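This briefing introduces a structure to a reader who has not met it before. Please keep the sequence and the model in view while reading the points below.

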Amino acid sequence: MNTRWVGYGVAAAAVVAALVLLGLSSGALAPYLGGYDAGADFNESRGYDHTEVAVYDGETEEELGRVNAAVADTFSKRYVGLSETDDLPADRGMLFIHDGAAERTYVMRNMSFGIDIVFVAPNGTITTIHEAPEPGPNEDGEEQRYSGTGKYVLEVNKGWMAERGIEEGDRIEFEL
């Protein structure tokens, strides 16, 4: 066997692997990975794990609300998030899990409904709540940026937090 051809094969495989890695890390391939199907049964929603997230008053410990959330715990799931989702049932949401606490910015990329974007510290304390409206006509949502600090980010329908009187300093609990 000619070693030159083996070298070409190894180089070609390395280039393909690098392109796939670049596509995943830049998010260019994420839209093709499939998003969350909020209308599907939890057990059939494209490989997402789910957890029940409860929200408690930071002072009284009274439960203020509860939502079943899809868990976005990989880069591609966090990148896609609720993009391309038609709607979100009132009792559902998405919980984004990052490796550690940091300043993060979320966008409304390809969203068709408004959401609350809730940043949460590693101990479960809510640090920031944004009410993010759906993008307008001829907008893709990339310009709608919402920042906060947290290890976790919870997304629910717009107004869900306000309807329940949830505010910064309250806390969430969930199990994985």
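The points that follow treat the sheet, the pairing of its strands and the nonpolar cores. The model is predicted. Its strands include seven that form an open sheet with mixed pairing, and its largest nonpolar core has 18 residues.

**The sheet**

- The 7 strands of the open sheet are arranged in the order β5-β4-β6-β3-β2-β1-β7.
- The edges are formed by β5 (126-132) and β7 (171-173); each has a single partner strand, so one side of each lacks a neighbour in the sheet.
- On average, and with direction ignored, neighbouring strands of this sheet are turned by 35 degrees against each other.

**Strand β2 and its partners**

- Strand β2 (residues 63-72) runs parallel to strand β3 (residues 92-107), and 5 bridges join the two.
- Within this pairing, Gly-93 of β3 is the bridge partner of Ala-69, and Met-94 of β3 is the bridge partner of Ala-70.
- With β1 the direction is antiparallel, and 8 bridges join β1 to β2.
- Val-53 stands opposite Val-67 of β2.
- The hairpin of β1 and β2 has 6 residues between the strands, and in this hairpin Glu-61 takes a positive phi near 70 degrees.
- Of the 10 residues of β2, 7 are buried, so this strand is largely enclosed by the rest of the structure.

**The largest nonpolar core**

- Which residues touch the most other members of the largest nonpolar core? They are Leu-95, Ile-126 and Leu-154, out of 18 residues in this core.
- At least two residues of this core come from each of β1 (49-56), β2, β3, β4 (115-120), β6 (145-157) and α3 (160-163).
- The greatest contribution to this core is that of β2, with 4 residues.
- Leaving aside residues up to four places away in sequence, Leu-154 touches Val-53, Val-67, Ala-69, Met-94, Leu-95, Asp-116, Ile-117 and Val-118.
- Among these contacts of Leu-154 are Val-53 and Val-67, the two residues that stand opposite each other in the pairing described above.

**A separate core**

- Another core, of 17 residues, lies apart from the largest one.
- Its members include Tyr-48, Leu-88, Phe-96 and Met-111.

How values were computed
Residues are numbered from 1 along each chain as its sequence is written. This is a predicted model: local features need pLDDT of at least 70, side-chain atom pairs count only at pLDDT 80 or more; totals for chains, interfaces and linings use all residues. Side-chain values use heavy atoms; hydrogens and water are left out. Two strands pair if DSSP finds at least two bridges between them. Axes are lines fitted to C-alpha atoms, for helices over the stretch in contact, and angles run from 0 to 180 degrees between N-to-C directions. A nonpolar core is a set of buried Ala, Val, Leu, Ile, Met, Phe, Trp, Tyr and Cys residues joined through side-chain atoms within 4.5 Å. Buried means under 20% relative accessible area, exposed over 50%, partly exposed in between (1.4 Å probe, protein chains only). Contact means heavy atoms within 4.5 Å.
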